[in-house]
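Work through the exercises below with the model open. Try each task before reading its solution.

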Amino acid sequence: DNDTLRSPRYKSHLFDKLGDQHCAFCNCNIRELIQGAHIWDVASIKSDCHLSDEEKVVHATSGDNGLWLCANHHLLFDRHILNLNSNGEVVYNKDADSDYISFMDEITIHRTLCDKIMTEQLQYYLRKRNAGLTA
């Protein structure tokens, strides 16, 4: 069920992989603003009929399937206004309003994920995410 796929285990796995909570894009470290953001989103994982329930839980709780993001970057990421390409570089939605782009330019300090984060497994989740955008 949805609660299992959004379990506290996910945050624990993010801590194990990423350490302290700070936004991957802007370094914000205000604990109340930092959230675990799925790369391959839970709704897509849940609807993948090729996965068993156990596999869905593994993907939804994997520390490689996420980033610490501030509330602003998380919302922009979830709405696909800001995205990551397969190299872990920040890209903006080409249809994004110029106000969004100006705002993202101001708040986005890091435009490429660091090597520590860019594992093969994270690249797998980026491919799953980005395949869903072109479907």
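Helices (H or I, at least four residues) and strands (E, at least two) are DSSP runs, numbered from the N terminus. Pro8 is found in one such run, helix α2 (residues 8–18). The model is predicted: local features need pLDDT of at least 70, side-chain atom pairs count only at pLDDT 80 or more, and totals for chains, interfaces and linings use all residues. Residues are numbered from 1 along each chain as its sequence is written, and side-chain values use heavy atoms, with hydrogens and water left out.

**Exercise 1. The fold in outline**

Task: How many helices and strands are in the chain, and in what order do the elements run?

Solution.
- Step 1. Count the elements: the chain has seven helices and four strands.
- Step 2. Read them from the N terminus: α-α-β-α-α-β-α-β-β-α-α.

**Exercise 2. Overall dimensions**

Task: Compare the radius of gyration of the chain with that of a compact globule.

Solution.
- Step 1. Set the rule. The radius is taken over C-alpha atoms, and the globule rule is 2.2 Å times the number of residues to the power 0.38.
- Step 2. Apply it. For 135 residues a compact globule would come near 14 Å.
- Step 3. Compare. The chain has 14 Å, which agrees.
- Step 4. Add the box. Along the principal axes, the C-alpha atoms fill roughly 40 × 35 × 25 Å.

**Exercise 3. Burial and contacts**

Task: What share of the residues is buried, and what share of the contacts joins residues at least 24 apart?

Solution.
- Step 1. Fix the classes. Buried means under 20% relative accessible area, exposed over 50%, and partly exposed in between (1.4 Å probe, protein chains only).
- Step 2. Read the share: buried residues make up 41% of the 135 residues.
- Step 3. Turn to contacts (heavy atoms within 4.5 Å). Take those between residues at least 6 apart in sequence; 71% of them join residues at least 24 apart.

**Exercise 4. Thr61 and its surroundings**

Task: Place Thr61 and find the backbone oxygen that its side chain reaches.

Solution.
- Step 1. Locate it: Thr61 lies in helix α4 (residues 53–61).
- Step 2. Classify it. Thr61 is buried because its relative accessibility is 2%.
- Step 3. Follow the side chain. It reaches the backbone oxygen of Val57 at 2.7 Å.
- Step 4. Look across to Pro8. Pro8 and Thr61 are 53 residues apart in sequence, yet their C-alpha atoms are 8.4 Å apart in space. Pro8 is exposed, at 69% relative accessible area.

**Exercise 5. His38**

Task: Is His38 buried or exposed, and which backbone oxygen does its side chain reach?

Solution.
- Step 1. Locate it: His38 is in strand β1 (residues 34–38).
- Step 2. Classify it. At 10% relative accessibility, His38 is buried.
- Step 3. Follow the side chain. It reaches the backbone oxygen of Ala60 at 2.7 Å.

**Exercise 6. The loop between β4 and α6**

Task: Classify Ala96 and Lys94 by accessibility, then find what lies across from each.

Solution.
- Step 1. Locate Ala96: it is in the loop between β4 (90–92) and α6 (98–107). Lys94 is in the loop between β4 and α6 as well.
- Step 2. Classify both. Ala96 is buried, at 16% relative accessibility. Lys94 is exposed, at 76%.
- Step 3. List the contacts of Ala96. Leaving out residues up to four places away in sequence, Ala96 touches Ile81 and Ile101.
- Step 4. Read the C-alpha distances. Ala96 and Leu82, 14 residues apart in sequence, are 8.7 Å apart in space. Lys94 and Ile81, 13 residues apart along the chain, are separated by 8.4 Å.

**Exercise 7. Positive phi values**

Task: Where do Asn27 and His80 lie, and what is phi for each?

Solution.
- Step 1. Take Asn27. It sits in the loop between α2 and β1. Its phi is near 70°, a positive value in a residue other than glycine.
- Step 2. Take His80. It is found in the loop between α5 (71–78) and β3 (82–84). Its phi is near 60°, again positive in a residue other than glycine.
- Step 3. Classify both. Asn27 is partly exposed, at 40% relative accessible area. His80 is partly exposed, at 25%.

Definitions and conventions
Polar contact = N/O pair within 3.5 Å; in protein donor to acceptor, adjacent residues only side chain to side chain.
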